[in-house]
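This report describes selected local features of the structure shown below. It is intended to be read alongside the sequence and the coordinates.

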Amino acid sequence: QDKPTLKFAAVFGDTDIRADAIRNLQEALSSEFTLEPHFGATLFKQGTELVALQRGNLETGIVAPQDIAKQLPEWSVLTAAYLFRDADHLKTFFASEPGKEMTKMAEDKLGIRIIAPVYFGTRQVNLKPEKEIKTPADMAGIKLRMPGGDAWQFLGSALGANPTPMAYSEVYTGLQTGAIDGQDNPLPNDYNMKFYEVTSQIVLTSHLIGYDLFAVSKKTWDSLTPEQQATLEAEVNKAVDWSTQRHLEEEAKLADFFKEQGLKVYKPDVEAFRQYAQQKYLESDFARDWPEGMLDKINAL
Amino acid sequence: MSLFSPFAICLASITVLAVLGLPIGYAMIGGSILYLLVQGQDLAIAAEQLLQGLRGSFVLLAIPLFILSAELMNVGSLSNRLLDFCNALVGRFRGGLGHVNVVQSVIFAGMSGSAIADAAGVGRLIIGMMTRDGRYSRSYAGAITAASAVVGPIIPPSIPMVLFALVSDASIGYLFLGGAVPGLLMAAMLMAINSVVAHRKGFPVEDPVVLRRLPMITVRAFPALMMPVILLGGIYGGVATPTEAAAIAAAYAFLISILLYRDVSAKDAYRAVLSSARSSASIGLMIGGALVFNYVVTIENIPNSLSALISGYDLSPLGFLLIVNVTLLILGCLLEGITILLVIVPIFVPTAQALGIDMVHFGVVVVVNLMIGLITPPYGLLLFVVANVARAGLWPIMRDVFPFLLALIAALAFITLVPDAVLWLPRLLGYSG
Amino acid sequence: MTMNQLRLLRWMKRRAENVAVALLATVFVSFILQILFRYVLGWPVGWTLEVSTLAWMWLVLWGAAFVVTERDEIRFDIVYSAVSRRTRRGFAIVTAMALIALLLVSLPATVDYVMFMKVEKASYIDIRLDYLFSVYVLFALAAIVRYAWLGFEAIRGRAPDLTDPSHLRDE
Ligand code: NA
Ligand code: NA
């Protein structure tokens, strides 16, 4: 019998840690599956992977929870600021009963099978002005670049800033020229995009645990034997754990690197940020769609 | 790749449809649908890639805006004022109007990202000036107009560089800066050739403009001359991203033509916008077709296979660049620049990155190369345009364009061999690559 | 065709052009507003980008469907412009039939995809994507009709127009 071919699509580039993890996965699966990775959003544009999976044009891929929330508003709870405490909490949630409830919902309503959350770093605020940031009030008037789309822009205002959409590739020049005052990304992104060259400080707000989901088209999933499903699930989890570990190591190293580069790297009053943000979210339209009690269940884990 | 592989069938059908005269955008969409059909894939992927590609690639927005600004500059008296100014500057030298032609293109280049708009717009005026009273041959006037229009998209702003940024993720701002020095170098070489030909053939000089009229002429052309300053100042002074600068350029052209010079009627303005909409749509559809075909190329893993093939030859970065140059120069004789940029160039990008070639350098080399392709026969779009505008035969124009072509290729060789010629200015302004 | 039909056709053509002009104006104006909001008022907004990209997407497909003429098309015309009128008519018939067949074959799946996209919305202006994407179906139908017409004309003995390069504005 032929090995099933699994096309894989992701936004992250060829040199990303996650691309290494996927290549490891490709190797580990090679006796049972042919995994064909396409990195850098070359096959499907960013944000269109979910529909590609749903329509069976893509077998496996990395989907952002924000994209799931576009079709399944209940999921917007999983994109809120200050929801998960760290990568461990994220993993624990998706393995828990409430986590399974959420992935089951995506499977039934969207037709995608979610295997695991893929951690890619904790988003921190990175600013050009030297002004010290302690509380959300200090962020007032700061033009903070956030990805496009109203959910992301809302996140920016939940930090107390003035959110500005701008293409990722223009952020460096935007910072350099002062078109924006800052941006928020995990530390490895700040390093890869050389943002540290044009900014003066990193405020460790840890406002969002960045993660995507390793998902399989339901059509594909159902066509696999239970053994194949088990193998795929186990190997994906292994690859994802490896990638998470590497990211955590990288983040620890980078904080020191940025200090050496002369940037101020410090923790603000995170509790003040958390309260401000959670309040903003609860008052917003987003929270209307959140499943009853989900926030408390996540907090309790 | 077998002769009857789905990819080969796709490629062959696109080629056949295009050669038989189907517009290139339609040919790429059609051939890609055939591929999906043969592969048993979802036929809606063609629509999906085209729609999501146009919606999701926001750098593409610079294209209709740069087209609009070029079009608005070509209605009204803006071009005339510009030519007066260039004439006052360099008309007094032997072959004066040839120099005027080049200098005008350099200034126009700083306002527009389009070579065709230069040749078909301002080019029409200056060809008329040169051939009046038979002082220059129609073919020479056409040839130097075509050759000088080539620098348009090399000096910033530039539509092809926007497209290169799209396929490579290089920064548009630094690509623009990278083109400035090579563009000026090319213009200088064109003027040198014009000098040599002018002395040999005894071309006329223009009556020197008396010095006291110079301030007046400058004032009349001043708002137009300010446009490059506003544009580049905007981009590098932090007021706007390069895409927003395209909108500012259009707004500025609109303001000075309609409000300041007041020689554009509402009807003219409407026509200019309609004509821009039309061009944007025909280019946009070709880009759309390329986006669809790109899906086929990606799923077939063509860039990676080519990368693997090239790395098997153990090429040096320089060797690779030379191969790319020769390939593109040959393709430029046969294919249209945007097609090459969107379909062929992405195949080279991963290898260039793997070899550690700077993307800004690579982008400028590629764009210079493709712009030279606009004047290489048999398929040189600018040659067709000036043949049409100058009402001269294609053969005499090709003959007269030849020395200019050699000069431009020499400039290309120079910037390929000396990356600093490209990267010096971007680095001066903060580029860290 | 009767005079009235011809007049109606011309009227429709002009209205289609009005739409294209409005779309390009929308791209332009929303960009200018974006700049004003961001740099002058210091109050960045997100909807401008969404409106301008969607207007551009519509401009391309609407324009290609109803506004771009044969003379404006970008084609590889080395061979095409060198052959006799009779051969060119043959070319036109072959390419028209091929394109019509391919577009027709893909039409059901395309309609299905466009309808599927009702699950998503443009995030600021709150319009469902199936409405926004329906312009592709319009484009495909218009292309089928246009090439059926061109093919029919070629069969009846009229050679198709050549591209006029001085009309092109492509670099
Ligand atoms: Na010129
Ligand atoms: Na230019």
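The sections that follow treat a metal site, a pocket and a single histidine in turn. The model is predicted.

**The sodium site in chain B**

The sodium ion (ligand 1) has its protein donors in chain B: B:Asn101 (O), B:Asn101 (OD1), B:Gln104 (OE1), B:Ser105 (OG) and B:Ser148 (OG). These donors lie 2.1 to 2.8 Å from the ion. B:Asn101 thus appears with both O and OD1 in the list of donors. Along the chain, the donors of the sodium ion (ligand 1) follow the spacing N-x2-Q-S-x42-S. Helix α6 (residues 96-109) of chain B carries both B:Asn101 and B:Ser105. The two are four residues apart, about one turn of the helix. B:Asn101 and B:Ser105 are both buried.

**The second largest pocket and the domains of chain C**

The domain assignment of chain C gives domain 1 (1-68) and domain 2 (73-171). The C-alpha centres of these two domains of chain C lie 20 Å apart. Contact between them involves 14 residues of domain 1 and 15 residues of domain 2 of chain C.

Where does the second largest pocket lie with respect to domain 1 and domain 2 of chain C? Both domains give residues to the lining, so the pocket lies between them. Its volume is about 1100 Å³. The lining of the second largest pocket consists of 24 residues, and C:Leu9, C:Lys13, C:Phe66, C:Arg146 and C:Trp149 are those that lie nearest its centre. The helices α1 (3-40), α2 (47-66) and α4 (129-156) of chain C each supply at least two residues of this lining. α1(C) gives the most, with eight residues.

The lining of the second largest pocket divides by residue class as follows.

| Class of lining residue | Number of residues |
|---|---|
| Nonpolar | 14 residues |
| Polar | one residue |
| Charged | nine residues |

**B:His361**

B:His361 is found in helix α17 (residues 359-372) of chain B. Is B:His361 buried or exposed? Its relative accessibility is 3%, and B:His361 therefore counts as buried, the cut-off for that class being under 20%. Apart from neighbours within four places in sequence, B:His361 is in contact with B:Leu321, B:Ile415, B:Thr416, B:Pro419, B:Val422 and B:Leu423.

Technical notes: Residues are numbered from 1 along each chain as its sequence is written. Chains are lettered from A and ligands numbered from 1 in the order in which they are written. This is a predicted model: local features need pLDDT of at least 70, side-chain atom pairs count only at pLDDT 80 or more; totals for chains, interfaces and linings use all residues. Side-chain values use heavy atoms; hydrogens and water are left out. Donors are N, O and S atoms within 2.8 Å of the metal (3.2 Å for Na, K and Ca); water is not among the atoms, so sites may look incomplete. Buried means under 20% relative accessible area, exposed over 50%, partly exposed in between (1.4 Å probe, protein chains only). On a 1 Å grid over the protein atoms alone, a cavity is a set of points where a 1.4 Å probe fits but cannot get out, and a pocket is an open set with protein on both sides within 12 Å along at least five of seven lines; lining residues have an atom within 4 Å of a point. Grid points are joined across faces, edges and corners, and a volume is the space filled by probe spheres set on the points. Ala, Val, Leu, Ile, Met, Phe, Trp, Tyr, Cys and Pro count as nonpolar, Asp, Glu, Lys and Arg as charged, and the others, Gly among them, as polar. Domain bounds come from an automatic or database domain assignment. Contact means heavy atoms within 4.5 Å.
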